[in-house]
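Work through these exercises with the sequence and the model side by side. Try each task before you read its solution.

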Amino acid sequence: MTQYLLSVVTPSAGTGEHVQPTPEQLAPIMARVDQLRADMQSAGVWVFAGGLEAPSTATVLRPSGDEVLLVDGPFAEGKEYLGGFTVVDVPDLDAALEWGRRTVAAIGLPIEVRPFSW
């Protein structure tokens with residue numbers, strides 16, 4: 001079995017904040033996400049998942065000689081950012097891609113599928 005990261009690619013409002021769905025839009029999305037998680041758990045592939053706050057809440061640690069600098073805000077500005085993730089433990093890339101497809105259908109956002117390197 002190989003672990004894969006299914007990353008939720010979230011659009012940015014251009015201000016470091018994400019485009020927040022309305023409560024009416026979010027309720028059915030979360031119902032689909034909850035069902036998807038239950039399906040992953042039943043299939044024995046679910047390892048861990050979580051959502052992330054907006055990039056503006058980040059603190060970046062940067063090396064500077066022998067020091068470590070703390071910088072507020074995201075590491076990089078962009079039109080998209082990592083908004084959440086799921087780790088699955090599956091036999092191969094094809095299985096990871098199938099769970100990725102199901103995640104796209106549940107969330108309605110792009111999903112990047114990437115294997116862990118050990």
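**Exercise 1: The helix pair**

Helix α1 (residues 23-43) and helix α2 (residues 93-107) pack with their axes 8 Å apart, at an angle of about 160 degrees. This is a predicted model, in which local features need pLDDT of at least 70 and side-chain atom pairs count only at pLDDT 80 or more, while totals for chains, interfaces and linings use all residues. Residues are numbered from 1 along each chain as its sequence is written, and side-chain values use heavy atoms, with hydrogens and water left out.

Task: describe how α1 and α2 are arranged and which residues make their contact.

Solution.
- Step 1. Fix the terms. Helices (H or I, at least four residues) and strands (E, at least two) are DSSP runs, numbered from the N terminus. Axes are lines fitted to C-alpha atoms, for helices over the stretch in contact, and angles run from 0 to 180 degrees between N-to-C directions.
- Step 2. Classify the angle. Under 35 degrees is roughly parallel, over 145 roughly antiparallel, 65 to 115 roughly perpendicular, and the rest oblique. The two helices, α1 and α2, are therefore roughly antiparallel.
- Step 3. Find the hand. The crossing of α1 and α2 is right-handed. That term applies if the near helix is turned clockwise from the far one by less than a right angle; anticlockwise is left-handed.
- Step 4. List the contact (heavy atoms within 4.5 Å). From α1 come Ile29, Arg32, Val33, Leu36, Asp39, Met40 and Ala43. From α2 come Trp99, Arg102, Thr103, Ala105, Ala106 and Ile107.
- Step 5. Sort by class. The contact of α1 with α2 has nine nonpolar, one polar and three charged residues. Here Ala, Val, Leu, Ile, Met, Phe, Trp, Tyr, Cys and Pro count as nonpolar, Asp, Glu, Lys and Arg as charged, and the others, Gly among them, as polar.

**Exercise 2: The core**

Task: find which elements give two or more residues to the largest nonpolar core.

Solution.
- Step 1. Define it. A nonpolar core is a set of buried Ala, Val, Leu, Ile, Met, Phe, Trp, Tyr and Cys residues joined through side-chain atoms within 4.5 Å. Buried means under 20% relative accessible area, exposed over 50%, and partly exposed in between (1.4 Å probe, protein chains only).
- Step 2. Count. The largest nonpolar core has 13 residues. Leu6, Met40, Val45, Val88, Val90 and Trp99 have the most contacts inside it.
- Step 3. Name the elements. β1 (2-11), α1, β5 (80-90) and α2 each give two or more residues to this core. The largest share, four residues, comes from α2.
- Step 4. Look at one member. Not counting residues up to four places away in sequence, Val90 touches Met1, Thr2, Tyr4, Val45, Ala95, Ala96 and Trp99.

**Exercise 3: The whole chain**

Task: state how many helices and strands the protein chain has, and in what pattern.

Solution.
- Step 1. Count. There are two helices and six strands.
- Step 2. Read along the sequence. The pattern is β-α-β-β-β-β-α-β.
- Step 3. Add the extent. The C-alpha atoms fill a box of roughly 45 × 40 × 20 Å, taken along the principal axes.
- Step 4. Check burial. Of the 118 residues, 26% count as buried.

**Exercise 4: Buried or exposed?**

Task: place Ser7, Phe116 and Val68, and say whether each is buried, partly exposed or exposed.

Solution.
- Step 1. Ser7 is in strand β1. Its relative accessible area is 7%, so Ser7 is buried. Ser7 touches Leu82, Gly84, Phe85, Pro110, Ile111 and Glu112, leaving aside residues up to four places away in sequence.
- Step 2. Phe116 sits in the segment after β6 (111-115). At 33% relative accessibility, Phe116 is partly exposed. The C-alpha atoms of Phe116 and Gln3 are 5.9 Å apart, although 113 residues separate them along the chain.
- Step 3. Val68 lies in strand β4 (residues 67-72). Val68 is exposed, because its relative accessibility is 55%. Among residues beyond four places away in sequence, Val68 touches Leu61 and Arg62.
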